[in-house]
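I opened the model and kept notes as I went. The entries follow in the order of the look-ups.

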Amino acid sequence: MLLIGAPGAGKGTQAQRIMAAWGIPQISTGDLLRDHRARQTPIGRVATSIMNTGKLVPDDLVNEMVAERLAEPDTTRGYILDGYPRTLGQAEWLDDKLASLSGLPLIAVSIRVSYTQLLRRITGRRICPTCQRIYNVYLQPPKVDTVCDVDGTPLVQRADDVEAVFHERMRTYEALTAPVVEHYRARSRFVEVDGEQSADEVLAGIMAAVTRFRSQSV
Ligand code: AMP
């Protein structure tokens, strides 16, 4: 399953829920890149400055990283790609890759959210560096100031969640990732959901589509 959406659309939240429901892994290229950055690998060193400006890491690096991840044994029953593909080049690479792989059916999900809601979700996002719990100072604030409810650690903001970088990420999304949605829209297993509903409703919309695809066995 591919989860496609602008920054803050809720891809990560839905990926976690689908992972829990189906027992298949979530593969987030943003998380993989942050992991490379933390380990200061060659990919991580190239990615750091690009990520901080809201631009995209070059396709060949991301594709290589995805190829490595898809070679791991936990992907044989399926997987959720979160935040990938983000360019037509990546989508075409993935089409070729899937043609040479297991033959698992591909489901593409587009999650749509308005610009103003995305802005609040992204610029309000704060993360606990200890337990990784995510808060939002506007929508889901911590109980006390800006410290984690669970362990009292001061919350931090991702460098690319500040407003100026958010606008750049949105420009990147419109220019490079919106065409990816169109690439999949014509396919038989494509669904677009309203990401401004509650997380439960969004999940229900995705699962209803999956059931429909199964019954049509397209
Ligand atoms: P995310 O956590 O998905 O918002 O990704 C954070 C940043 O990582 C993005 O703004 C990009 O700089 C980079 N990134 C994540 N996924 C991709 C991808 N599929 N292609 C290129 N760059 C990516």
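**Entry 1: H4 and H5**

At what angle do helix H4 and helix H5 pack, and how far apart are their axes? The model is a predicted one, so I keep that in mind for every value below. I looked up H4 (residues 59-70) and H5 (residues 88-99). The angle is about 30°, and the axes lie 10 Å apart. Angles under 35 degrees count as roughly parallel, so H4 is roughly parallel to H5. I then checked the hand of the crossing, and H4 and H5 cross in the right-handed sense.

Next I listed the residues that make this contact. H4 contributes Asp59, Val62, Asn63, Val66, Ala67 and Leu70. H5 contributes Gly89, Gln90, Trp93 and Lys97. Sorted by class, the contact of H4 with H5 holds five nonpolar, three polar and two charged residues.

**Entry 2: the sheet**

In what order do the strands of the open sheet run? I traced five strands as S2-S3-S1-S4-S7, with parallel pairing. Which strands stand at the edges? They are S2 (26-28) and S7. Each has a single partner strand, so one side of each has no neighbour in the sheet. I also took the turn between neighbouring strands, which averages 25° when direction is ignored.

**Entry 3: pairings, strand by strand**

I started with S1 (residues 2-5) and S3 (residues 80-82), which I noted earlier only by label. Two bridges join S1 to S3, and the two strands run parallel. Leu3 stands opposite Asp82 in S3.

On to S4. Four bridges join S1 to S4, again with the strands parallel. Leu2 has Ala108 of S4 as its bridge partner. S4 also pairs with S7 (residues 190-194) in the parallel sense, over five bridges. Here I found Val193 of S7 as the bridge partner of Ile111.

Is S4 mostly covered or mostly open? I went through residues 108-112, and four of the five residues of S4 are buried, so I put the strand down as mostly covered.

**Entry 4: H7 on the sheet**

I returned to the sheet and its pairing of S1 with S3 by two bridges. Helix H7 (residues 163-185) packs on this sheet and touches S1, S4 and S7. The direction of H7 makes about 135° with that of S1.

**Entry 5: H6 and H7**

How do helix H6 (residues 115-123) and H7 cross? I read an angle of roughly 135°, and the axes come within 10 Å. H6 is therefore oblique to H7. The crossing of H6 past H7 is right-handed.

I listed the contact here too. On H6 the residues are Tyr115, Leu118, Leu119, Ile122 and Thr123. On H7 they are Glu163, Phe166, His167, Arg169 and Met170. By class, the contact of H6 with H7 has six nonpolar, two polar and two charged residues.

**Entry 6: Ala175**

My last stop was a single residue of helix H7, Ala175. Is Ala175 buried or exposed? I found a relative accessible area of 51% for Ala175. Exposed means over 50%, so Ala175 is exposed. I also took the C-alpha to C-alpha distance from Ala175 to Arg45, which is 25 Å. In sequence, Ala175 and Arg45 are 130 residues apart.

Notes. Residues numbered from 1 in each chain as written. Predicted model: local features only at pLDDT ≥ 70, side-chain atom pairs only at ≥ 80, totals over all residues. Heavy atoms only, no water. Axes fitted to C-alpha atoms, helices over the stretch in contact; angles between N-to-C directions. Parallel < 35°, antiparallel > 145°, perpendicular 65-115°, else oblique. Left-handed = near helix turned anticlockwise from the far one by under 90°. Contact = heavy atoms within 4.5 Å. Nonpolar A, V, L, I, M, F, W, Y, C, P; charged D, E, K, R; others polar. Buried < 20%, exposed > 50% of the residue type's maximum accessible area, 1.4 Å probe, protein only. Pairing = 2+ DSSP bridges.
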